[in-house]
Amino acid sequence: MDPPADSGPRGPGPREPNRPLDASERAEYEHLRRHAGLRHRRLRISVASVLLALAVLLAPVGVVAAWASSQINDVERYEQTVAPLARDPAVQDVLVDRVTDGVVARVDVRKVSDALADILADRDAPRFLVDAARSLDDQLKSGLTTAVRYVVKKVVTSDAFAEAWDNVNRGAHTAATSVLTGEGGGSIEVKGDALTLNVGVVVEEMQEQLVGTTLVDADTIPGADTSIVLLRSERLDEARDAARWLGVLGPWLPAAVVVITGLGVWAAPSRRTAVMCAGIGIGGMMCGLLVGLSLVRQGYLDAVAPVAQSQEAAAAVYDTLVRFLRQAALTVLVISLIATSAAYLYGPGRGARAVRSATGRGVGAAGHALVRNGWDTGRFGEWLRTHRALTTGTVVAAGALTLLLWSYPTPAVVALVLLCAVVVLSVLGVLAASTDGAGRR
């Protein structure tokens with residue numbers, strides 16, 4: 001016998017399967033779903049914000065670390081850095097003055113004038129001529145200075161001097177680390193609290209040309225100790241310590257910044273907005289780095305004692321040593337501007353829509369013109385039009401990979417890669433529009 005059906009009120013037991021939700025249940029479900037979605041979105045925004053902020057803060061440190069690493073670990077890059085110093089007029093002038101003064105100071109002009117007077121006296125020259133010969137100290141020193149300066153300047157401004165300078169820096173790997181680590185020798189050295197420009201390694205060429213053409217003996221010519229003090233500072237040790245750390249982090253920190261930026265963009269709910277934020281932030285930090293380099297330059301020149309060395313030469317040395325760092329900062333700045341502009345053009349803004357519309361009309365008109373002239377891409381064009389997102393992403397990824405694999409990209413290289421990417425995307429767009437199906441649409 002079957003049990004009687006329960007005709008009493010239904011309790012709050014489990015819901016019957018396959019029964020549709022009533023109004024109250026659906027309202028509660030929608031509330032829970034919105035709350036869970038909001039929490040998930042807030043979590044993604046928080047994670048993306050932290051990652052992007054970390055990438056923005058590390059970006060200038062990564063640029064400086066990559067530059068320091070290139071100077072320490074890449075001898076050819078270091079040679080490219082210091083090579084212009086031997087050809088800089090301000091450095092050449094300081095070298096000519098320093099070597100000329102050193103040579104003339106070691107010549108005993110009084111001994112020369114006395115010897116000339118004794119010769120005249122032995123030959124029964126008139127008394128006034130003998131006395132005049134003994135008073136030729138200033139004239140002899142002036143003439144000697146002119147002669148020595150002429151020979152020294154000829155040597156310093158010659159191609160042989162520049163080639164000798166390059167050979168020295170090319171042959172000594174320790175030269176690439178001396179200015180940043182204080183170890184080894186080279187053209188740029190740190191000695192105690194002084195930053196010096198060592199030019200003694202190329203002075204030997206002057207000895208051959210000075211001896212026999214002036215009143216100079218070989219032992220009076222400054223030898224390998226010739227150096228020019230560019231800066232004295234008690235904080236050089238701190239700078240070297242920082243450079244050592246940057247040299248160690250150099251190969252890894254830039255890659256870490258790229259990875260952190262990519263993770264931040266991937267975690268963000270709106271990846272287009274994340275790309276714009278990253279581009280603006282990193283670009284702003286590059287501007288700050290460039291301003292900081294200018295301020296450091298001014299402080300460096302203020303620390304130079306005019307009586308000890310030339311401000312022009314010191315400025316030339318600073319500008320030469322950091323020019324690749326400036327170039328790297330400008331390169332990252334250009335990449336940031338390109339990324340920000342591209343993200344904006346993919347957005348819903350009125351200007352972005354106008355640019356996309358004008359570009360689409362232009363590409364479509366070019367494709368239709370090819371069709372009218374018998375250039376129908378057929379299935380290939382249909383495939384390009386169907387997979388436009390794939391082809392665009394492939395071209396953009398290829399451009400980014402090119403910049404990542406380029407040893408030392410410059411703003412010109414970035415502009416060239418961008419131009420190539422735009423041309424390829426334009427050609428693909430025209431080919432996609434060069435089909436009968438596209439023309440009928």
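These legends describe close-up views of a predicted model.

Residues are numbered from 1 along each chain as its sequence is written, and side-chain values use heavy atoms, with hydrogens and water left out. Because the model is predicted, local features need pLDDT of at least 70 and side-chain atom pairs count only at pLDDT 80 or more, while totals for chains, interfaces and linings use all residues.

**View 1. Three salt bridges are counted in the model.**
Side chains of opposite charge can pair when their charged atoms come close. Here a salt bridge is a side-chain nitrogen of Lys or Arg within 4 Å of a carboxyl oxygen of Asp or Glu. Asp 319 forms one with Arg 297. The closest N and O atoms of this pair are 2.7 Å apart. Asp 319 sits in helix α13 (residues 311–345) and Arg 297 in helix α12 (residues 271–302), so the pair ties together parts that are 22 residues apart in sequence. Helices are DSSP runs of H or I with at least four residues, and strands are runs of E with at least two; both are numbered from the N terminus. Asp 319 also forms a salt bridge with Arg 326, where the closest N and O atoms are 3.6 Å apart.

How exposed are these side chains? The terms depend on relative accessible area: buried is under 20%, exposed is over 50%, and partly exposed is in between (1.4 Å probe, protein chains only). Asp 319 is partly exposed, at 25%. Arg 297 is partly exposed too, at 24%. Arg 326 is partly exposed at 21%.

**View 2. Glu 382 and Arg 385 pair within helix α15.**
This helix covers residues 378–386. The two residues are three apart, about one turn of the helix. Their salt bridge brings the closest N and O atoms to 2.2 Å. Glu 382 is partly exposed, with a relative accessibility of 27%. Arg 385 is buried, with a relative accessible area of 18%. Elsewhere, salt bridges that share partners join Arg 297, Asp 319 and Arg 326 into one network.

**View 3. A nonpolar patch lies on the surface.**
Val 258, Leu 401, Leu 404 and Leu 405 make this patch of about 420 Å². Patches are made of residues with over 30% relative accessible area and no salt bridge; like charges are joined within 9 Å, and nonpolar side chains (Val, Leu, Ile, Met, Phe, Trp, Tyr) within 5 Å. Accessible areas come from the Shrake-Rupley method with a 1.4 Å probe, and for residues only the protein chains shown count as cover. Which helix gives the most to the nonpolar patch? Helix α16 (residues 388–405) does, with three residues. Leu 405 is in helix α16. Leu 405 counts as exposed because its relative accessibility is 65%.

**View 4. Helix α3 has a cap at its N-terminal end.**
Helix α3 runs over residues 89–105 and has 17 residues. From first C-alpha to last, α3 reaches 24 Å. That is close to the 24 Å expected at 1.5 Å a residue. The expected span is 1.5 Å times one less than the number of residues. Asp 88 provides the cap: a side-chain oxygen lies 3.0 Å from the backbone nitrogen of Ala 90. Buried residues of α3 include Ala 90, Val 91, Gln 92, Val 94 and Leu 95.

**View 5. Ser 434 sits in a loop between two helices.**
The loop lies between α17 (411–433) and α18 (436–440). Is Ser 434 buried or exposed? Ser 434 is buried, with a relative accessible area of 0%. A polar atom of the Ser 434 side chain lies 2.6 Å from the backbone oxygen of Val 430. A polar contact is a pair of N or O atoms within 3.5 Å; within protein, one must be able to donate a hydrogen and the other to accept it, and residues adjacent in sequence count only if both atoms are side-chain atoms.

**View 6. Helix α1 holds Ser 69 and Val 64.**
Helix α1 covers residues 23–73. Ser 69 is buried, at 8% relative accessibility. Ser 69 and Pro 251 are 182 residues apart in sequence, and 6.8 Å apart in space, C-alpha to C-alpha. Val 64 is buried, with a relative accessible area of 19%. Val 64 and Arg 326 are 262 residues apart in sequence, and 9.5 Å apart in space, C-alpha to C-alpha.
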